[in-house]
Amino acid sequence: MNKRPSIRAGKPAGRPSGSPPGKPRAKPDSRAAALIILGKVLDKRQALDEVLKLENAPDGLLSPLEPRDRAFVRLLVATTLRRLGQIDSVLELCLDRPLAEAKPRLQHILRLGVAQLIYLKTSSHAAVDATVRLAGREASSRGLVNAVLRRITRDSDKLTPAADTEVLNAPTWLFEAWSAAFGEKRAGEIVKAHLIEPPLDLTLKDGATSEQWLTALDAENLLPGSLRRAGGGRIEDLAGYAEGAWWVQDLAATLPSKMLESGLVGLEGGLVGKQIVDLCAAPGGKTLQLCTSGASVKAVDRSKNRLKLVEQNLNRTGLSAELIAADAAVWRPDAPVDGVLLDAPCTATGTLRRHPDAAYLKSAGDVTRMAEVQSHLIEAAIDMLKPGGVLVYCTCSLQPEEGEDHALRLKSDARLQHMALEAAEIGGFSDAINAAGDLRTLPGHLPGQGGLDGFFATRFQRR
């Protein structure tokens, strides 16, 4: 079996070379910033989005850079993470011996160089010269980086990884888990889908206005009420953002709310008068969907900061819900409710195309730990339902322990009746329904339209 990417242990990447302790670091160029950010992800195990948010702040690394350069930093780091297995396989061919474990920074410099030359098709002159400068004043390091990158430039046809090595970009434990769950062919399609920068999906506040926004946003229709456009640019600058005509939400993430609505009121839709609890609600896409259907919604999340995101989205769209900062495992509504939507915390392996760093921040142990958390939340959700009430449990994970295994257990629960999903409930998207009648989207679905996130959802009615 081909080798999978492994992260060598070492000291975290930190201050750029040439910036002495105690002195302000020089303003970095885009590649220097990318090097520091990559080190924070792989060595310090920090989430890429959190690092970017911090470094985009007024006093952050990226603040002196032009918007175009900031975008390049994100693209370079994300590409390196998406292609890490293939990149390391190229470096193995170019190095006489593995880099010492004490030199993770040098390894990251080489990784960024390979990403530019092979995958971003950056001008070889610009990529080589700028990457060599990252090695600092140490002659041996500069010489190594120069030699490796110039060899890649010269022998690119021999060193560019073949398409069938794409599976190297998934850590072994993930690829084996996906192969066991979905078959090796499907697992390969998942890995391939993760290599593509995802498009931007938007959920409309009023689905009847889709024709208007198709043109204004240069978008295409997906399912009713969902549009897709190419990514790029500031979301806040897009038509319709300021007036709250839509919100960002992957197509797959819209389906659990549709399941709850049709499970309660049928295909005609409309939750007017229904009491709904949205557990683990932030950042609020599903809360907004439920509000547009007329439900009285309680949005519960343990994080006050994350609830602020829900509040901002509600204010922008002119919708309303009751926001409750509480631990969903112990909080209870004043009276049993008609429906509960539980989008449980998970390993988020279904969103690796948007968050490629997660593949190297999660482990098999995290799956087991999260599955236990999810079980407690499911019990709490069942306890909130009135007789005849509907529960939809979902996660953005591809791991069966966080999805299918919970559904199988609940089907033997005497308190519950499983409600199989019908294609008509989700716009005819029959490929997203598994043999057990539950929702299972995969990143390899809709390949010609840009794919979608991996999601699982199952639905039950309380007897």
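## Sheet, helix α12 and the second largest pocket

In this predicted model, four strands are arranged as an open sheet in the order β2-β3-β1-β4, with antiparallel pairing. The edges are held by β2 (220–221) and β4 (246–248); each has a single partner strand, so one side of each is left without a neighbour in the sheet. Three bridges join β1 and β4 in the antiparallel sense, and L202 has V248 in β4 as its bridge partner.

Helix α12 comprises 15 residues, 251–265, and spans 22 Å from its first C-alpha to its last, close to the 21 Å expected at 1.5 Å a residue. Of these 15 residues, 14 are buried, so α12 is largely enclosed by the rest of the structure. At the N-terminal end, D250 acts as a cap, with a side-chain oxygen 3.0 Å from the backbone nitrogen of A252. The residue that follows α12 is G266, whose phi is positive, near 85°.

Helix α12 also contributes to the second largest pocket, supplying four residues, the largest share of its lining. The space in this pocket amounts to about 490 Å³. Its lining consists of 25 residues, of which P224, K258, E261, Q289 and S293 lie nearest the centre. At least two lining residues come from each of β1 (200–204), α12 and α13 (285–292).

The lining of the second largest pocket divides by class as follows.

| Class in the lining | Number of residues |
|---|---|
| Nonpolar | eight residues |
| Polar | twelve residues |
| Charged | five residues |

Key
Residues are numbered from 1 along each chain as its sequence is written. This is a predicted model: local features need pLDDT of at least 70, side-chain atom pairs count only at pLDDT 80 or more; totals for chains, interfaces and linings use all residues. Side-chain values use heavy atoms; hydrogens and water are left out. The expected span of a helix is 1.5 Å times one less than its number of residues. Buried means under 20% relative accessible area, exposed over 50%, partly exposed in between (1.4 Å probe, protein chains only). A polar contact is a pair of N or O atoms within 3.5 Å; within protein, one must be able to donate a hydrogen and the other to accept it, and residues adjacent in sequence count only if both atoms are side-chain atoms. On a 1 Å grid over the protein atoms alone, a cavity is a set of points where a 1.4 Å probe fits but cannot get out, and a pocket is an open set with protein on both sides within 12 Å along at least five of seven lines; lining residues have an atom within 4 Å of a point. Grid points are joined across faces, edges and corners, and a volume is the space filled by probe spheres set on the points. Ala, Val, Leu, Ile, Met, Phe, Trp, Tyr, Cys and Pro count as nonpolar, Asp, Glu, Lys and Arg as charged, and the others, Gly among them, as polar. Two strands pair if DSSP finds at least two bridges between them.
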